[in-house]
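User: I should like a close look at a single part of this structure, with its pairing partners and its surroundings. Please say how each term is defined as you go.

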Amino acid sequence: MRKDVRILLVGEPKVGKTSLIMSLVSEEFPDVVPYKVEEITIPADVTPERVPTHIVDYSEAEQTDEQLYQEISKANVICIVYAVNNRKSLEKMKPACVRALTRVFKISDLDNNGILNDHELNFFQRVCFSSPLAPQALEDVKKVVKKNAPDGVCEDGLTLQGFLFLHTLFIQRGRHETTWAVLRHFGYDDDLELHQDYLFPPLRIPADCSTELNHNASLFLQSVFDKHDKDRDGALNPNELKDVFDVFPYMPWGPDVFNTVCTNEHGWITYQGFFSQWTLTTYLDVQRCLEYLGYLGYSIVAEQESQAAAITVTRSKCVDLQQKQTQRCVFLCNVFGSSGSGKSSFLQAFIGRNLNRQKTIRDEHKSHYAINTVHVYGQEKYLLLREICSDLDFLSDSDLCCDVVCLIYDISDPDSFDYCVRVFRECYADSKLLCLMVAMKSDLQEEKQQHVVTPLEFCRTHMIPPPQAYSVNTVATPSRDVFIKLATMATYPHLRLRCMCTCNRCTFCLCQNFLNSELLHAVKAKLYTLVFSRFSSCPFISPFITTFNPSFT
Ligand SMILES: Nc1ncnc2c1ncn2[C@@H]1O[C@H](COP(=O)(O)OP(=O)(O)OP(=O)(O)O)[C@@H](O)[C@H]1O
């Protein structure tokens, strides 16, 4: 065993360094429990006489950082000392631990009032240790905290200070494992970092499938939103939004999010906008969504095995097309148009902003995406618009991949339609994807387009619906009809020849609703089964019956 061990005690003034030195080497202070003394492994031959040469007492108030580094380089053992009843020193000395426990506290504080009440303490206890605390034990805990840290109990619940004090007490009394059990349950590894396995649980996504948030996730996100919408105005003001992401190591959303989703008149994200942004992340980057849900403690609060339980992996798009129906709720629309044709304005109109409101958007806060809900024959769907850069040479296959294509031209710019023709011919003429032509800036004077055929003739030739006149230069919110059309085309890509108005009132819409109705499908299936069972034994008729399948009628 080394005899010249040099121990460095680091701590703020008056936290008890000297007492610790004395207790390490003598029996004089039986009440002082040396912090992690077993980890310091004091050599047996250290005596009080040798203390001055072996244990260096470092106090922040007395020395500079440079002197500390010098001492650290000379030390064999470094012992960080803090006083459990001094939160300031605790924060300073173990910031990673305090950060981790603060996140644990915030996740467990289900109503976000800064206090863990009995219900929340019991929930916390149950999810961490699989059994609730007995009422008396709960009272005892609060009593101990209150006695030692008066600010630790408020309104009969534990404050963050009390919660931190409790864990410091566990550590001090050698019950490190209790705190570690909590931290591990909330995803931390031995370095107090969130474990990669916790943040990124396995999730298999076959090719041609997409990812969406399921019902469990929407309940959880609704609770997260409600928890932080303290003024109950249905939107998250800047402070409330910052509070949502307080449990994240970084701010996940940039300023562009305010131009991607619906906001209220102050520009604050509404619940619709909040959920839309989550839907967008899930669709475009599901790994990121898993990570974010991990920071929010989804698996703990929703009592699920992992964040993967929040995700629905949809059926392959090919199978949807074959079966002529889909369960998907999120559809991607690529928006093409020449420079200045009005793509950004179109995207902003989708989240309810007219030209006047768009003028306030700063260039660096612009978004290439816009997402909102649309009702397609009574069902709520999410349509995600993606603005595609005008230079086609830079586009990859994944840039072109989508559920429906929107081609925009500016009726006041005679060259803009030519660009749409180019996109259609080069990228989508041979694909089965449906395209919709939008004649933007319809309030302006129309110019003759410099192309051999008119936009209307071009659409007729290529079985594209006629150009949809659209303008964002409106007094009220711009019309949503064109977005409903796009969402309908994305949802029912096999129905090429159909009414394009989707008003749900005209004869064609009513017929289409009827043909798509589950009742009609059920009746058809019943008839088929009946006919099949009656005539299947007849050798002359059965070959004809088997070719009759209701799903292809
Ligand atoms: N109906 C309209 N009447 C007048 N001006 C309009 C109308 N719609 C859009 N604009 C204006 O046209 C200009 C170009 O629109 P926008 O930025 O949306 O085009 P873009 O296709 O996104 O362009 P880029 O590809 O360069 O980003 C903007 O200044 C916008 O305010």
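The answer starts with a strand and its neighbours and then turns to other places in the chain.

Analyst: The model is predicted, so local features are described only at pLDDT of at least 70 and side-chain atom pairs only at pLDDT 80 or more, while totals for chains, interfaces and linings use all residues. Residue numbers run from 1 along each chain as its sequence is written.

The part chosen is strand β14, residues 404–410. Helices and strands are taken as DSSP runs (H or I over at least four residues for a helix, E over at least two for a strand) and are numbered from the N terminus. The protein has 26 helices and 16 strands by this count. Of its 553 residues, 33% count as buried. Here a residue is buried if 20 or more other C-beta atoms lie within 10 Å of its own, exposed if there are 12 or fewer, and partly exposed in between, with C-beta atoms placed from the backbone.

How many of the residues of β14 are buried? The count is 7 of 7. In a regular strand, side chains alternate between the two faces of the sheet. In β14, Val404, Cys406, Ile408 and Asp410 point one way, whereas Val405, Leu407 and Tyr409 point the other way, and all of them are buried.

Which strands does β14 pair with? Pairing requires that DSSP find at least two bridges between two strands. With strand β11 (residues 330–337), β14 runs parallel and shares 5 bridges. Within this pair, phenylalanine 336 stands opposite leucine 407, and valine 335 has cysteine 406 as its bridge partner. With strand β15 (residues 434–440), β14 is also parallel, over 7 bridges; here isoleucine 408 faces valine 438. Helix α21 (residues 416–428) joins β14 and β15 in a right-handed β-α-β unit. Right-handed means that, with the strands pointing away from the viewer, the path from the first strand over the helix to the second runs clockwise.

The partner strand β11 is likewise mostly covered, with 8 of its 8 residues buried. Val330, Leu332, Asn334 and Phe336 lie on one side of β11, and Phe331, Cys333, Val335 and Gly337 on the other; all are buried. Strand β11 also pairs with strand β13 (residues 379–387), in parallel and over 6 bridges. Cysteine 333 of β11 has leucine 385 as its bridge partner in β13.

Next comes the shell around the ligand. It holds 16 residues, of which Lys343, Ser344, Ser345, Lys441 and Asn473 come nearest; a residue is near a molecule if its C-beta atom, placed from the backbone, lies within 6 Å of it. Helix α18 (residues 343–350) gives the most to this shell, with 3 residues. By type, the shell divides into 3 nonpolar, 10 polar and 3 charged residues. Ala, Val, Leu, Ile, Met, Phe, Trp, Tyr, Cys and Pro count as nonpolar, Asp, Glu, Lys and Arg as charged, and the others, Gly among them, as polar.

A separate comparison is offered by an open sheet of 3 strands, with the order β4-β6-β5 and antiparallel pairing. Its edge strands are β4 (115–116) and β5, each of which pairs on one side only. Strands β5 and β6 are antiparallel over 2 bridges, and valine 153 stands opposite leucine 158 in β6. Helix α9 (residues 160–172) packs on this sheet and touches β4, β5 and β6, with its direction at about 85° to that of β6. Such angles run from 0 to 180 degrees between N-to-C directions, with axes fitted to C-alpha atoms, for helices over the stretch in contact; contact means C-beta atoms, placed from the backbone, within 7 Å.

Between β5 (153–154) and β6 (157–159), the loop contains glutamate 155. Its phi is near 45°, a positive value in a residue other than glycine. Glutamate 155 is exposed because 9 other C-beta atoms lie within 10 Å. Aspartate 208, in the loop between α11 (196–199) and β7 (211–213), also has a positive phi, near 75°. Aspartate 208 counts as partly exposed because it has 13 C-beta neighbours inside 10 Å.

Methods: Two residues are in contact if their C-beta atoms, placed from the backbone, lie within 7 Å.
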